[in-house]
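Please work through the following exercises with the sequence and the model at hand. Each task is followed by a solution in steps.

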Amino acid sequence: MDVELKNLIKTLSEANFKDLIVHYCKEKFNADSVRIVDGPYDGGNDLEIIIGDKDIKRNIQITINKSYESKLESDLSKISALTSRDSQLDFYISQELSKTKRDTLEANAIKNHNISLKIYDANILSQEQFDIIRKKVYEYHKINIDSSIGVDKNTKILFDVLTLGKNSVEVKKNFFTSLILSCIYNNPHIKYKQLSDLIKPQLNNKVDDDYLKKEINALKQKQIILSPAIDKWEFYLSNEKQQEIHEISQQCNLLESILLRDVREYIKAHNIPCCEQDLCNALKSLYYENYKITIADLTKNNESTISSVKKTFTDLVNFFTKKGCSANDSPCFAEGILRVVGNNEYLNKIAAATLFTNLYNDDKLQSYINNQNKSILLDTQVLIRLLCVIYDEDFDYEDTAIRAVRVLYHTLGRFKQNTSIYTSIEYVSEVAAHIQEALKLQRFLDLPYKDMFGKSKNVFYNAYISLLKAERIDKNWTLEDFICDLLAENKRNFPSYQEANFIKSIVDKLFFIYEHSDLQLTIQENLAYPNYSQIKKEYETMLLSTNRIRSGLAIENDVKAILFLHDNYLRNHQNPFIGLADECFLRTGR
């Protein structure tokens, strides 16, 4: 799905969305003319489609509102009252509806009104293959897709192509594969010599022909890369992979065009005497510097890296000064434009691609990975998903975070001789509490309309539903049956979640699972820290400054983990790896 196109559709005005539907239907029906006219019922519309001498009319309703259900129901009732025969309504909405929601509304229209309802939301429209949709949406948002900030095609798509290999735990291999696919996509029917000449310089000529040919042949065996019968050393991508990367390329081009538009509007709003191309080049330099890192940077303190980034920011300030801005305005403009482009992923992606290239080219990378002793702390959110992975490590869960933890699980398993993996009693207790919350949802699953429920915030509930749909567990299992199996516990001996000692009982079971898993986690005992109150106050201040909401218990557990990491660092002089994604935790830890 084209996420950026979908988001642009969701922000269209009513007039623009109506115009888009007219152009879409004209293309869809290959019509001579399409227009929206007043329909036979109050407030309704007809879509008039002219194809030669045919005049086709369809009942339609078009809205950009998030609150639409009462209006839709009213329209269905009016249509139903006007005719006793089967009828229809095409409902166009610029918002995003889930597939379950669309299916439910369409089924209810048949059951309650005998009307064939077809819903076209932002999801559906963004997936249509008609170029007119993209063209018109860009036009409404004043996006010039032909504009560019001068980044080569391979770099543009490399980062996103790399993320296609969601199941790969071999970063270097995945990067190399992504580079091959990007080059072939941008050069269809490329000969081996040309491909080699493109790839080798990017990797400092450290790849020999034997390795490159081996990787190409592996991709050919998977039918990802194809060759014509007359020349096995000519390459093009399979239709599926070509389409997959084409969608990525379109996304990248769109993000680049939006970036240029936003920069242009910022320049115009502040009367800055420069063109968007020059300013984008200065921004690229700042982002590239931020991602310019080698293994040497990982193994020493980061003062030189910070200094380099500060210098590049100063260069951005000087850019505005040299363009004639005042000494007071230039720093403000620099900060302002960074806030504007910070909402756009494009610069981050092209800069991150250089990070992968730098790391790949570093001779010390494999040695660093293999030999570095690592201390790794896992927090509650990782532990919750780790339990799902341990339960069924071969299942491809819908939860992206579980997939990420599965990659972590397999990676740590490969290097466990050089890793110490641990967590805290407090974090394990939070996992037990999450299990308790999951069990409370069982009563809702007994309701007759349970199929209308969407995803929950509870990871275990979502995992249960995913495994049930995929037939990985018994179809007759309740949520409680699944939880019992997850904890390798006999249901007859399983405590009720309402019992006072439930959390303690579950914590004991979790201890056993984590400590006896392939990772062999060490669970840190409770310790007393003399500076606990001071650090807790600093952490709470950090949370307030970033508008982050954490429960009191979660704050206490995080502070104890920070202090434990600090003590461990003082004893072993070793920076830990932290398995969580909480900026406040990391900033307070530093």
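The exercises treat the overall make-up of the chain, one sheet, two backbone angles and the cysteines.

This is a predicted model, in which local features need pLDDT of at least 70, side-chain atom pairs count only at pLDDT 80 or more, and totals for chains, interfaces and linings use all residues. Residues are numbered from 1 along each chain as its sequence is written, and side-chain values use heavy atoms, with hydrogens and water left out.

**Exercise 1. Describe the chain as a whole.**

Step 1. Assign the secondary structure: there are 27 helices and 12 strands. Helices (H or I, at least four residues) and strands (E, at least two) are DSSP runs, numbered from the N terminus.

Step 2. Determine burial: 46% of the 590 residues count as buried. Buried means under 20% relative accessible area, exposed over 50%, and partly exposed in between (1.4 Å probe, protein chains only).

Step 3. Examine the contacts (heavy atoms within 4.5 Å). Among contacts in the chain with a separation of 6 or more, 67% link residues 24 or more positions apart.

**Exercise 2. Establish the strand order of the open sheet of 3 strands.**

Step 1. Apply the pairing criterion: two strands pair if DSSP finds at least two bridges between them.

Step 2. Read the order, which is 6-8-7 with antiparallel pairing. Strand 6 (190-191) and strand 7 (225-226) are the edge strands, each pairing on one side only.

Step 3. Inspect one pairing: strand 7 and strand 8 (residues 234-237) run antiparallel and are joined by 2 bridges. Leu 226 has Tyr 236 in strand 8 as its bridge partner.

**Exercise 3. Locate His 189 and Gln 223, two residues other than glycine with positive phi.**

Step 1. His 189, with phi near 60°, lies in the loop between helix 8 (171-186) and strand 6. His 189 is partly exposed, at a relative accessible area of 44%.

Step 2. Gln 223, with phi of about 65°, lies in the loop between helix 10 (209-221) and strand 7. Gln 223 counts as exposed, at 51% relative accessibility.

**Exercise 4. Why does Cys 280 form no disulfide with Cys 275?**

Step 1. Apply the cut-off: a disulfide is a pair of cysteine sulfur atoms within 2.5 Å. The structure holds 0 disulfides.

Step 2. Check the distance: the cysteine sulfur closest to that of Cys 280 belongs to Cys 275 and is 8.8 Å away, so it is too far for a bond.

Step 3. Compare the surroundings: Cys 280 is buried, with a relative accessible area of 2%, whereas Cys 332 is partly exposed, at 49%.
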